[in-house]
Amino acid sequence: MSGTTIPRLVIAAPSSGAGKTTVATGLMAAFAEAGLSVSPHKVGPDYIDPGYHALATGRPGRNLDAYLCGPGRIAPLFLHGAAGADLAVVEGVMGLFDGASGQGELSSTAQVAKLLRAPVVLVVDASSQSRSVAALVHGFASWDPQVRLAGVILNKVGSDRHEELLRDAMDSSGVPVLGALRRGEQARTPSRHLGLVPVAERRAEALEAVRALAARVRAGCDLDALLALARAVPELTEEAWDPAAEAAGAGAQEAGTADGSTGRPAADTGPAPAGSGKPLIAVAGGAAFTFSYAEHAELLTAAGAEVVPFDPLRDERLPAGTRGLVIGGGFPEVYAPELSANAPLRAAVAKLAATGAPVTAECAGLLYLSRSIDGKPMCGVLPADARMTERLTLGYREAVATADNVLATAGTRVRGHEFHRTVLEPGAGASPAWGLTYPQRRVEGFVSGGVHASYLHVHWAAEPSLARRLVASAARGARAEAVGGGR
């Protein structure tokens, strides 16, 4: 069976904090500046790093999460995202072998590397060791024979003498050193309560930081050796993920198989009704709403929608002709005063929701639809109030739709992810959005009329019927308005 060969590297580390993002983003930018088309990818559910990857490469940052999407979709999603690229760089998550809690290797960088049959380059924080680095690398290289640890980049090296000691130790390991980055001046990438500050909030400074990372990596790494390593990979024989096929329902039978996804009943309404035209679905963006997977807009478009972005910080009205609304994650708590001050848009969102038009909101979107965030008035669509806390809620979830709604039919099972430091009171409405089944049982979120709002981030590539159902609902509403002469 013939396949596709895309040069590729996985950038991993023994633990968080070793410098994966520095090296991966720097490599992406350095190769892009050299004229290569670089496809950026991130293991896990993180939304923030892919923003820096996109800035470095000019291509959408894409996530590869085997927990959310199932191991069987990793190679297809990779092939879709990397189509036409000269090189793909995949940034790992946590330590190389760290995955979903209690789930073995599931969603680990090691698992993704094996699924992609890609060489791994280990970024090692060498700041407090010399000869021991060889023992560390030997352990990672021998732990799982199916993971090809093909090289090491030494990070936070203190001096020429320190580098010499490290390289001498590594000579006996059998794993080549492909770079050494000095400790010292770092590119400025500020963080706050949920990680790095997103690109959308500091684009000029972020661009400067990415350029600085490229310069550091170019000076300290053997780019020719890394590119040769990336090119010496086997073909991938899987078919690329296709949003058009998924929007048509062709991928619906994949669910519930041994690929790691959960079983579910058929929850498919099919694509938008024939002859309905293209319903316009507005998607929130801008600095306050930066959390979104690229495949969501692709699925909505393939299902028959016209997808139009808008910025709740700047736009005082929804795009003309809006028939549905998607409000993803982000940082509404940081921008609560500005969001609250945009009263015309808050009123427009509330008015749209009152008509029964499909409105789906995740995490930040949930808060925006509430009555208030830290006392600042929001859209008032939901009878709940949000506040910031010191407690981080973080982790994978499994959930089931408790009732039919604009996003899913009752019984539809999904896997998702929570990531926030806010609390919503109450946390669920009379008709909850989801019944969580893992890691504990509880209900959360709100379903009311055409509104589906929840803390849960779900990757629609794992359940394309969510996009199909949302678009079909928007199309029916548009058709009903046309027949009735307006709402």
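Which backbone oxygen does the side chain of H420 reach? In this predicted model, the side chain of H420 reaches the backbone oxygen of T422, at 2.9 Å. H420 sits in strand β17, which spans residues 413-425. Its relative accessibility is 5%, so H420 counts as buried.

The protein chain as a whole holds 15 helices and 22 strands. Of its 487 residues, 58% are buried. The accessible surface of the chain comes to about 18400 Å². Carbon and sulfur atoms account for 51% of that surface. Long-range contacts were also counted. Among contacts between residues at least 6 apart in sequence, 75% join residues at least 24 apart.

Two residues illustrate pairs that lie far apart in sequence. A83 is found in the loop between α4 (74-81) and β4 (87-91). Its C-alpha atom is separated by 8.2 Å from that of I6, 77 residues away along the chain. A83 has 47% relative accessibility and therefore counts as partly exposed. T360, in strand β13, pairs with L470 across 110 residues of sequence. The C-alpha to C-alpha distance between T360 and L470 is 8.4 Å. T360 counts as buried because its relative accessible area is 4%, and buried means under 20%. Beyond its neighbours within four places in sequence, T360 is in contact with L325, V326, I327, L407, H452, W460 and L470. L470 thus appears in both descriptions of T360.

E91 is a charged residue in strand β4. Its relative accessibility is 1%, so E91 is buried. Outside its neighbours within four places in sequence, E91 is in contact with I11, K20, T21, A24, H41, K42, V43, D49 and H53.

The second largest pocket has a volume of about 790 Å³. Its lining consists of 34 residues. F289, T290, F291, S292 and Y293 are the lining residues that lie nearest the pocket centre. By class, the lining divides into 22 nonpolar, ten polar and two charged residues. Several elements each supply at least two lining residues. The helices are α2 (48-57) and α11 (294-302). The strands are β10 (280-284), β11 (306-310), β12 (322-327) and β13 (359-362). T360 is also placed in strand β13.

Backbone geometry shows some notable points. The peptide bond from E425 to P426 is cis, with omega near -5°. P426 lies in the loop between β17 and β18 (434-438). A cis peptide bond also joins Y438 and P439, with omega about 5°. P439 is placed in the loop between β18 and β19 (442-444).

Positive phi values occur at K156 and C363. K156 is not a glycine, yet its phi is about 60°. The residue belongs to strand β6, residues 149-157. K156 counts as partly exposed because its relative accessibility is 24%. C363 is likewise not a glycine, and its phi is about 55°. C363 is found in the loop between β13 and α14 (364-369). Its relative accessibility of 5% means that C363 counts as buried.

Note on methods: Residues numbered from 1 in each chain as written. Predicted model: local features only at pLDDT ≥ 70, side-chain atom pairs only at ≥ 80, totals over all residues. Heavy atoms only, no water. Helix = DSSP H or I, 4+ residues; strand = E, 2+ residues; numbered from the N terminus. Buried < 20%, exposed > 50% of the residue type's maximum accessible area, 1.4 Å probe, protein only. Polar contact = N/O pair within 3.5 Å; in protein donor to acceptor, adjacent residues only side chain to side chain. 1 Å grid on protein atoms, 1.4 Å probe; cavity = no way out; pocket = protein on both sides within 12 Å on 5 of 7 lines; lining within 4 Å. Points joined across faces, edges and corners; volume = space filled by probe spheres on them. Contact = heavy atoms within 4.5 Å. Areas by Shrake-Rupley, 256 points an atom, 1.4 Å probe, with all protein chains shown as cover.
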